[in-house]
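Trainee: Could you walk me through reading helices and their packing in a model?
Mentor: Sure, let's take a pair of helices and go from there.

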Amino acid sequence: MTVIKQEDFIQSVADAFQFISYYHPADYIRDLYAAYQREESPAAKDAMAQILINSRMAAEGHRPICQDTGIAIAFIKVGMDVRWDTKMSLAQLVDEGVRRAYTDKDNPLRASMLADPDGKRKNTGDNTPAVTHVELVPGDKVEVIVAAKGGGSENKSKFAMLLPSDSIVDWVLTLVPTMGDDWCPPGLLSLGIGGSPEKAMLMAKWAMMEPMNIHELKARGAKTRAEELRLELYEKVNALGIGAQGLGGLSTVLDVKVVDYPTHAASKPVALLPNCAATRHIHFVLDGSGAAHFDPPSLEDWPRLALDQSTSKRVNLDTLTKAEIAAWKSGDRLLISGKLLTGRDAAHKRMVDMMAKGEKLPVELANRFIYYTGPVDAVRDEVVGPAGPTTSSRMDKFVEPVLAQTGLIGMVGKSERGPVAIESIRKHGAVYCIAVGGAAYLVSKAIRSSKVLAFEDLGMEAIREFVVKDMPVTVAVDSAGNAVHKTGPAEWRARIGKIPVAVV
């Protein structure tokens, strides 16, 4: 009889979440580096270089790959012959491991879980509760997969009840261009087909924990319908030309997973889930002999790259004017230095509410730039923890009142802006730049000081003032309203030219 002790399970979960916060799976690094070597788009190649450099830095420094350290997910298969030395439920054991991992003093992870999701949305403070799935299986061991899924990729999850005769390929190729860059490609797409609606979603989530092996599949050829779909979607999604960070290029996905299950004669449920550049998951087995042990990967598996800054223009945020901004073009690469404000969803809502009431804002925004980020807490001699960009489109509805009433001239975030935000940027002669999603630790090294200016009660969403030095960004929407997330993919889709896709 196998007995799993409470402490062994909790510590294994805690160690696993710490491990995946700073170590990419080696297969992801292998396939991303291969895509980097094949890439012909300079913008996409630069973005992938930043992700690879960031990954190596995180592995060496034992700090998070991404500032969004994710929602904690656990898939657990419990052998029927296992006994538990605990009075806690399995979900409680997972939660305790998550709590221990996310409040670790040497590598604290950002708490993103909010209670009362349609009400006060108050942060639970330790990233609990996790989302735990349990299956009882034959055997005398406990198999566990844990994953940390960021909000940007989770928010792009798709589900449909297709007609039995509908084409899944057509459905995917229609959806992917509408997903934009919020999910931080290049990553992985995972499909669950069949079963019931909830079964399809669970299959898709589980499948993305499997090793990346699309190139091995291409070499041997498909043997099942699911494998045929994997190969077809891999080629056709990459032919969309979306590319790394949505900038246009050859590689949008590094792999596609497909899992199916029998379904009702009248139904074809399909779930499509993306996994982002911060791919974080690990598998371990407990057999009663103690806590799991995680061997660090060899850093020899990581390429040694350096950023090419020769084509980037240096910009002083402290003396910047609208006249200077007007000369920038979408796609220009910049190195920004000076004082940079931060603020995201909660801060923007509070500012807009204050302006609607005629109240004075606690921070002067005129002629300033604001960075959409919610950083990880600093440790040791750090100024700030990993501080990558968050999805900018969530701030789109705030752009017009903020630009019109405050004199803000620039924004920095991640991914594309919607048409309303782009029109506001054009109308007010402002600019929107992007930092690379998936390069949070690299970005943090450009931050020389950080202090909270307002809304401290919002935690990671408070307004801060960073002083940055040579922070790499790309002009995504220039003052004339030209958007690189439209022009880049269109250019590369035309170059690849394999399939017709309507411009969205």
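**Reading helix packing**

Mentor: This is a predicted model. Start with a pair: the axes of helix α2 (residues 26-38) and helix α3 (residues 42-61) come within 9 Å, crossing at roughly 150°.

Trainee: How are α2 and α3 oriented to each other, roughly parallel or roughly antiparallel?

Mentor: Angles over 145 degrees count as roughly antiparallel. α2 and α3 are therefore roughly antiparallel, and their crossing is left-handed.

Trainee: Which residues in α2 meet α3?

Mentor: Tyr28, Ile29, Leu32, Tyr33, Ala35, Tyr36 and Gln37 do, and from α3 they meet Lys45, Met48, Ala49, Ile51, Leu52 and Ser55. Sorted by class, this contact has 10 nonpolar, 2 polar and 1 charged residues.

Trainee: And alanine 47, is it buried or exposed?

Mentor: Buried means under 20% relative accessible area. Alanine 47, which sits in helix α3, has 1% relative accessibility, so it counts as buried. Setting aside neighbours within four places in sequence, alanine 47 is in contact with Ala244, Gln245, Leu247 and Val436.

Trainee: Now α4: what span should its 13 residues have?

Mentor: At 1.5 Å a residue, helix α4 (residues 90-102) should span 18 Å, and its end C-alpha atoms are 18 Å apart, which agrees.

Trainee: What covers the buried residues of α4?

Mentor: The buried ones are Leu90, Leu93, Val94, Asp95, Gly97, Val98, Ala101 and Tyr102. Their cover includes α1 (6-22), along with the strands β2 (71-79), β3 (82-85), β6 (131-137) and β7 (142-149).

Key: Residues numbered from 1 in each chain as written. Predicted model: local features only at pLDDT ≥ 70, side-chain atom pairs only at ≥ 80, totals over all residues. Heavy atoms only, no water. Helix = DSSP H or I, 4+ residues; strand = E, 2+ residues; numbered from the N terminus. Expected span 1.5 Å × (residues − 1). Buried < 20%, exposed > 50% of the residue type's maximum accessible area, 1.4 Å probe, protein only. Contact = heavy atoms within 4.5 Å. Axes fitted to C-alpha atoms, helices over the stretch in contact; angles between N-to-C directions. Parallel < 35°, antiparallel > 145°, perpendicular 65-115°, else oblique. Left-handed = near helix turned anticlockwise from the far one by under 90°. Nonpolar A, V, L, I, M, F, W, Y, C, P; charged D, E, K, R; others polar.
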